[in-house]
Each structure stands twice: as C-alpha cells, then as structure tokens.
Amino acid sequence: FRHMTKLIENGHLYIAQPPLYRLKATQFEQWAYSDKDKEEILENLKGNKKLYIQRYKGLGEMTAEQLWETTMNPATRILLAVNIGDNIKADDTFRTLMGAEVLPRKTFIQTYAKAVKNLDI
C-alpha cells in the first residue's frame with residue numbers, strides 16, 4: 001500500500017473474494033462466502049445425510065475450474081474495495097506486522113488476538 005497509495009485512495013483497488021466453503025449433496029453444490037452463508041444453506045438442507053462440506057483455507061486448494069467459477073469470472077465474482085482509513089495507523093500496523101522486529105509483532109498479536117474478526121485459519 002505504500003507504493004500505490006493514490007490508487008487505493010482513489011478507489012481503484014479491489015480484491016476478488018473467494019468462498020470459504022463448498023457444500024455438496026446429491027444433485028446439489030453451493031458455495032458459501034461466510035459462516036452465515038454456510039449456516040443458511042445447511043438450514044435449507046436439513047435431513048440430507050449425504051452432505052459434504054469442504055473448508056477452503058486458500059486458493060491453492062481449488063481446481064482451476066472452481067477458481068474461475070467462484071472468484072475469477074467477472075459475471076459472478078464478488079469484489080471488495082480496498083480502502084485505508086488512516087494512512088499513519090495503517091503504516092504503523094504494517095511496520096509492526098511485517099517488519100523485522102519480532103517483539104512488537106508478538107505484542108500486537110497478544111493484545112488483539114481475542115478481538116479479531118474475520119479470521120481465516
């Protein structure tokens with residue numbers, strides 16, 4: 001973000017959002033982009049004993065066809081706009097998490113670990 005600040009500030013940077021889950025049953029396959037999506041799909045499939053749920057941790061786990069279908073196809077993909085609320089705070093956080101100093105990174109993680117949202121592990 002340091003080298004493309006204007007690009008981000010002007011709203012020209014987007015990230016394609018991949019799904020977190022693939023839910024597959026007989027004659028049925030659907031992608032879930034959040035835990036809430038997954039729960040809604042499961043509610044609609046109650047009683048289906050042959051349900052397969054796959055959790056994706058990264059794009060490397062998908063086949064090329066799945067990646068196209070879920071993340072790359074311009075007709076169906078979900079794009080998330082990238083923005084920086086506070087440049088100075090973003091730079092400090094980036095330096096803390098990506099810098100060579102281990103102690104500030106460890107302290108940051110220990111301080112904020114319980115408050116994190118949208119953690120993909």
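## Where α4 meets α5

Thr93, Thr96, Leu97 and Met98 in helix α4 are in contact with Pro104, Arg105 and Phe108 in helix α5. Sorted by character, the residues of this contact divide into four nonpolar, two polar and one charged. As you look at this pair, please keep in mind that the model is predicted.

How are these two helices arranged? Two packed helices are described by the angle between their axes and the distance between the axes. Here, α4 spans residues 87–98 and α5 spans residues 102–112, and the two pack at an angle of about 110° with their axes 7 Å apart. That angle makes α4 roughly perpendicular to α5, because angles of 65 to 115 degrees count as roughly perpendicular.

## Tyr112, also in α5

Helix α5 also holds Tyr112. With a relative accessible area of 47%, Tyr112 is partly exposed. If you would like a distance to check in your viewer, try Tyr112 and Ser34: they are 78 residues apart in sequence, and their C-alpha atoms are 22 Å apart in space.

## The chain as a whole

Stepping back, the protein chain has five helices and five strands. Following the sequence, these elements come in the pattern α-β-β-β-α-β-α-β-α-α. The radius of gyration is 18 Å, well over the 14 Å that the globule rule gives for 121 residues, so the chain is more spread out than a compact globule.

A few more totals fill in the picture. Taken along the principal axes, the C-alpha atoms fill a box of roughly 50 × 35 × 25 Å. Of the 121 residues, 18% count as buried. The accessible surface comes to about 9,500 Å², and carbon and sulfur atoms account for 56% of that surface. As for contacts with a separation of 6 or more, 56% of them are between residues 24 or more positions apart.

## His3, before the first helix

Now to the start of the chain, where His3 lies in the segment before α1, the helix of residues 5–9. Is His3 buried or exposed? His3 is exposed, because its relative accessible area is 81%, and exposed means over 50%. His3 and Lys49 are 46 residues apart along the chain, and a gap of 51 Å separates their C-alpha atoms.

## Gln27, in the loop between β2 and β3

Gln27 is one for anyone who checks backbone torsions. Most residues other than glycine have a negative phi. Gln27 is not a glycine, yet its phi is positive, at about 60°.

Where does Gln27 sit? Its place is in the loop between β2 (21–25) and β3 (28–32). Gln27 is also exposed, with a relative accessible area of 80%.

## Trp68, in α3

Helix α3 covers residues 64–72, and Trp68 is found there. Trp68 is partly exposed, because its relative accessible area of 47% falls between the cut-offs of 20% for buried and 50% for exposed.

Which residues does Trp68 touch, leaving aside those up to four places away in sequence? The partners are Asn73 and Pro74. Another pair to look up is Trp68 and Pro18: they are 50 residues apart along the chain, and their C-alpha atoms are separated by 10.0 Å.

Terms used:
Residues are numbered from 1 along each chain as its sequence is written. This is a predicted model: local features need pLDDT of at least 70, side-chain atom pairs count only at pLDDT 80 or more; totals for chains, interfaces and linings use all residues. Side-chain values use heavy atoms; hydrogens and water are left out. Axes are lines fitted to C-alpha atoms, for helices over the stretch in contact, and angles run from 0 to 180 degrees between N-to-C directions. Helices (H or I, at least four residues) and strands (E, at least two) are DSSP runs, numbered from the N terminus. Angles under 35 degrees count as roughly parallel, over 145 as roughly antiparallel, 65 to 115 as roughly perpendicular and the rest as oblique. Contact means heavy atoms within 4.5 Å. Ala, Val, Leu, Ile, Met, Phe, Trp, Tyr, Cys and Pro count as nonpolar, Asp, Glu, Lys and Arg as charged, and the others, Gly among them, as polar. Buried means under 20% relative accessible area, exposed over 50%, partly exposed in between (1.4 Å probe, protein chains only). The radius of gyration is taken over C-alpha atoms; the globule rule is 2.2 Å times the number of residues to the power 0.38. Accessible areas come from the Shrake-Rupley method with a 1.4 Å probe; for residues, only the protein chains shown count as cover.
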